[in-house]
Every structure is written in C-alpha cells, then in structure tokens.
Amino acid sequence: YILGPGDQVAIEVFGYEEYTASKVILPDGTISLPLVGAVQAAGQTSDSLTQLLTTELSNYLVDPVVSVSLTILRPVLVTVSGEVQRPGPIQLRSLTTTNDFDNGINDINSAIDDNLDGIPTVSSALIQAGGITQNADIRQVLVRRSRSANDSVTTTINLWDAVWSDNAVQDLVLQDGDSLFVPRLAEGETLDRRLIARSTLAPSVVRVRVVGEVVRPGEVQVPPDSSLSSAVAIAGGPTTDAKLSKVEFVRLNEQGQVEHQEIDLRNLVDDFQIQEGDVVIVPKKGSASFFDLAGDLFAPINLLRGVVDLFDNNN
C-alpha cells in the first residue's frame, strides 16, 4: 500500500515518547517530527517510511528503533468512464484500518460477510457512478492502476458472471488513483437486459415521460426493469377518458431514429421493458392516433421533443 495525503500513521520510537504519535499525512505529502521537521511520507510504504525516519532520527538519537503502522486509510479517489450513467471522478470510502484492507485484498467476500461498510470495489464504484447503461459490456470492465510514473497494469473484471450465475466473482478492491472503463457492447452483441436491470449494477431508477390521459402526466422515475403499464401506474394511472387500447410507445434508438409502436394496455399488463428517455402516450377516447398527424407536424429528428411539448401544452 502506497501512502498518500489523508492517510494516518502511528509512529513509535522506542524509549522516546516525544516521538510517539499519530500523524495525518498533509496535502503536500509530508508529516512533521520534532527536530527533524517535515518528512516526505507520500509515495512511501510503511516499511520504507520506517527506514527513512530511522535514517533521519539517527542524526539526533542514538540507534533509534522506529515503528510505523498505517491506522486509517485515506478516501479512495478513482475515475470511472465509459458506459455508466455519470462518468467522471468519484470518491469512495476507504477501508477503516490496515486489517480491513488486508481482509479486502485476501478475501473480499469474507470482508463483506463481516459487515464492513464502504469497501471500495469495482462494483461499488459503478453503483456510485449511477449504475451502468443498457449498452454496457460488463464482461470486460477494465481497471488501470499506476505502479509508477511510467508504469501501469490493467486488469479485466467479468461482472456478468456475478449477475447470471452462482459462481463467486472476485470484486477487485480499488486503490486511490485507479481508473475504470466500462466498454460498449459490440454491434450485434447483446446481454439479457432484463436480468441486468434487476441487478445492483443497474441505476436505481430511469426517467421516462408519460403523457396524455394519466392522472399525473410528465416525467416519472421508475425502476429499470419496469414495464409500460408500471410507468402508467406510477404516473397515477389512466384517467376515465384514457384510450388504453391504443397506447403509443416511443423510443429513440441507438441510430438516432424515432421508433414507435401501438400497445394495447387495457389489461394494464405488458412485456416491454422501459428504458431511459422513453415516452408513453395515453390518448383520449375518440381521438386520432398522434402518429397519424406527426408527419405533418414535426420533422423526424424533432418528433420526440414534439410529442412531449404537444402533450405538456395540452395538460
């Protein structure tokens, strides 16, 4: 473990109580000792810092015996990019003590069973980044770790096995400065989206628009494995004037084209899985289908916006 700003170390110099203290490594990477002054601790291990302090104190003390132990780890700052909802730098809670860190490295599942909160793992980083997108290829999540200024190592983590099988998957414990990249599924490849949507790696909610004849039209937040009828229910359910036999389902596909389908929701049951940005249109009894007139009202690229604007203005 490489020490850095925010880590707390316990220093003991046998026979010299004035040097025995807990020190937090400052933002400039140093700690301060009597007589010695500032000592660069960031970038050291506990062992190398012990050797450095022994050398420095030898200028003032006779044969000093120094002990350095890591007591509290700093927060873990990592960067998450690729197919996640909120890419960018995130801060994870560190493990509490050196013993917790050792448990996490050697047996992450055992550490979780011992109810250790805030273990900075790959999956916890993805969850804090808002969850994965529907196009994420979680079979090959890349973790890049710098070992020096000019050297790094990349590890591939397969989280798909943890979703669909009962095989235990090693969830790598992250260190400060790590970077994660979640690649996009290759064209033509697919994973079970409904299964992923029920997993802890998915976002907790997705935002969709339910417009027309519902009690509370507008944007609603629904679980990622919800159906169209569930979205209608979360929007307050249909009004007495709702024409449920011809509900329109609108989606912008990956090619930027608007797709729509007419769905019969009279039984308020369907097998569709809602996605972020979908629009559900519940028409009024006796009205024509919105898409019968859409070509005259909106250009294809503005169709989805036109749907929302039209029904928002009418409600």
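This note sets out numbered points on the predicted model shown above.

1. Basis of the model. The structure is a prediction, in which local features need pLDDT of at least 70, side-chain atom pairs count only at pLDDT 80 or more, and totals for chains, interfaces and linings use all residues. Residues are numbered from 1 along each chain as its sequence is written, and side-chain values use heavy atoms, with hydrogens and water left out.

2. Confidence. The mean pLDDT of the protein is 82, and 81% of its residues reach 70 or more; pLDDT is the predictor's confidence in each residue, from 0 to 100. Among the elements, β10 has the highest mean value (96), and helix α3 (residues 108-113) the lowest (37).

3. Segments to read with care. Over residues 97-117, pLDDT stays under 50, and the model has 25 contacts beyond four places in sequence for this stretch. A contact means heavy atoms within 4.5 Å. Residues 293-301 also stay under 50, with five contacts beyond four places in sequence.

4. Overall composition. The protein has nine helices and 15 strands. These elements are DSSP runs numbered from the N terminus (helices: H or I, at least four residues; strands: E, at least two). Of the 315 residues, 42% count as buried, where buried means under 20% relative accessible area, exposed over 50%, and partly exposed in between (1.4 Å probe, protein chains only).

5. Contacts and surface. Of the contacts with a separation of 6 or more, 58% come from residues 24 or more positions apart. The exposed surface is about 16,800 Å², of which carbon and sulfur atoms supply 47%; the areas come from the Shrake-Rupley method with a 1.4 Å probe, and for residues only the protein chains shown count as cover.

6. The sheet containing β10. Five strands form an open sheet in the order β7-β6-β10-β8-β9, with mixed pairing; two strands pair if DSSP finds at least two bridges between them. At the edges are β7 and β9 (151-157), each of which pairs on one side only. From one strand to the next, the twist averages 25°, with axes taken as lines fitted to C-alpha atoms (for helices over the stretch in contact) and angles running from 0 to 180 degrees between N-to-C directions. Strands β8 and β9 run antiparallel and are joined by seven bridges; R144 has T154 in β9 as its bridge partner.

7. The sheet containing β15. A further open sheet has five strands in the order β12-β11-β15-β13-β14, and its pairing is mixed. Strands β12 (218-222) and β14 (258-263) stand at the edges with a single partner strand each, so one side of each is left without a neighbour in the sheet. Here the twist averages 25° from one strand to the next. Within this sheet, β13 (residues 247-252) pairs with β15 (residues 279-282) in the antiparallel sense over three bridges, and E248 stands opposite I281 in β15.

8. Salt bridge R184–E83. The structure holds ten salt bridges, each defined as a side-chain nitrogen of Lys or Arg within 4 Å of a carboxyl oxygen of Asp or Glu. One of them joins R184 and E83 at 3.3 Å, N to O. R184 lies in the loop between β10 (179-182) and α6 (193-197), and E83 in the loop between β6 (76-82) and β7 (88-92), so the pair ties together parts that are 101 residues apart in sequence. E83 is buried, at 15% relative accessible area, whereas R184 is partly exposed, at 43%.

9. Salt bridge E189–R139. The closest N and O atoms of E189 and R139 are 3.0 Å apart. This pair links distant parts of the chain, 50 residues apart: E189 in the loop between β10 and α6, and R139 in the loop between α4 (122-128) and β8 (141-148). Relative accessible area is 38% for E189, which is partly exposed; R139 also counts as partly exposed, at 29%.

10. Further charged groups. D264 and R266 meet in a salt bridge of 2.5 Å, N to O. D264 is partly exposed at 37%, while R266 counts as exposed at 58%. In addition, D7, R74 and D176 are linked in a network of salt bridges.

11. The loop after β15. S287 is placed in the loop between β15 and α8 (290-297) and is partly exposed, with a relative accessible area of 28%. The C-alpha atoms of S287 and K243 are separated by 8.6 Å, with their positions 44 residues apart along the chain.
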